[in-house]
Amino acid sequence: MAPRAYWKGTLKLSLVSCPVVLYPATTAAEKTRFHMINRETGNRLKQQMIDAETGDVVESDQKGRGYELRKGKYVEIEPEELEAVQIESNHTIDIESFVPSDEIDQRYLNHPYYIAPDGKAAVDAFAVIRDAMKDQDRVALAKIVLTNREHIIAIEPLGKGLLGTTLRFPYELRDEDQFFDDIKSPKITKDMVELAGHILQTKTSHFDPSKFKDDYETALKALVKRKASGKTIELPEPEEKPSNVVSLMDALKQSLTGRGGKKTAAKSHARRASGRTGAAKKTHRSTARQRKAG
């Protein structure tokens, strides 16, 4: 049984429209969560708002919203003033354009939603829009209002339905240059790059999320189960970190030969590398003899 719809409205493509519903595509319901409790009574704790300067508890009717203009100086914004700038949702997803999917920078992807037709009468129009998008192999861009804020949403076919993913605005992304500018450009030998390439080939696979295992979540559930049954929790011994320093080339070779059945590739690469070195030495000796004879 499908969960309660998060949003209901109309999907429009020019003059074609159909009622649709949005469901969050992700959930955190299965994650292990903890509450703050009183160690002495075992009762759950509740949070209170405290005045940062006086330390007094602030009642709900005293709470307000303020924007910090400078350190410790706030301008208070009234609820009705916020309502004046809020965008009223017309509950319409109006497709504005279609773009190639590979042009969407993945950093802009935010929250995914499943989009389904709302009622039997909407199925035909929904199928027309969905199948037309499949034929074009493009992603639709539209605007949608969620929780009083306007979002750009990217829509693409997914099975019998549609997948809508809200996108971040440019001001929400940090400029990568401030993190990458200081990265040096060392001189890496061709042999190192080729060895790393061989390692990549040994790890070639296909995307299969069913293989993703949340080991920490599994350990948390086991911990809670053991503690609830009254068993003692034994702390593991801290692992000693290796102190030996291995050169980058040695680390690459060990990474390749350390995987069973991959030694041949390493030997083959080593032979090619030594062959190139030997050829270079022969050329050098031949050149030296010619100079000496001359």
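Me: What does D105 count as at 29% relative accessibility: buried, partly exposed or exposed?
Reply: This is a predicted model, in which local features need pLDDT of at least 70 and side-chain atom pairs count only at pLDDT 80 or more, while totals for chains, interfaces and linings use all residues. Residues are numbered from 1 along each chain as its sequence is written, and side-chain values use heavy atoms, with hydrogens and water left out. Buried means under 20% relative accessible area and exposed over 50%, with partly exposed in between (1.4 Å probe, protein chains only). At 29% relative accessibility, D105 therefore counts as partly exposed.

Me: With which residue does D105 form a salt bridge?
Reply: A salt bridge is a side-chain nitrogen of Lys or Arg within 4 Å of a carboxyl oxygen of Asp or Glu. The closest N and O atoms of the pair are 2.6 Å apart. The partner is partly exposed, with a relative accessible area of 39%. D105 is thus paired with R107.

Me: How many salt bridges does the structure hold?
Reply: One of them joins the side chains of R130 and D131, at 2.9 Å from N to O. R130 counts as buried at 14% relative accessibility, whereas D131 is partly exposed at 32%. The number of salt bridges in the structure is five.

Me: In which helix do E217 and K221 both lie?
Reply: E217 forms a salt bridge with K221, and the closest N and O atoms are 2.5 Å apart. E217 is buried because its relative accessible area is 12%, while K221, at 42%, counts as partly exposed. Helices (H or I, at least four residues) are DSSP runs, numbered from the N terminus. The two residues are four residues apart, about one turn of the helix, and the element that holds both is helix 5.

Me: Are helix 4 and helix 6 roughly parallel or roughly antiparallel to each other?
Reply: Axes are lines fitted to C-alpha atoms over the stretch in contact, and angles run from 0 to 180 degrees between N-to-C directions. Helix 4 (residues 190-202) and helix 6 (residues 248-257) pack at about 25 degrees, with their axes 9 Å apart. Angles under 35 degrees count as roughly parallel, over 145 as roughly antiparallel, 65 to 115 as roughly perpendicular and the rest as oblique. Helix 4 and helix 6 are therefore roughly parallel.

Me: Which residues of helix 6 meet helix 4?
Reply: Contact means heavy atoms within 4.5 Å. From helix 4 come D191, M192, L195, A196, H198, I199 and T202, and these meet the helix 6 residues L248, M249, L252, K253, S255 and L256.
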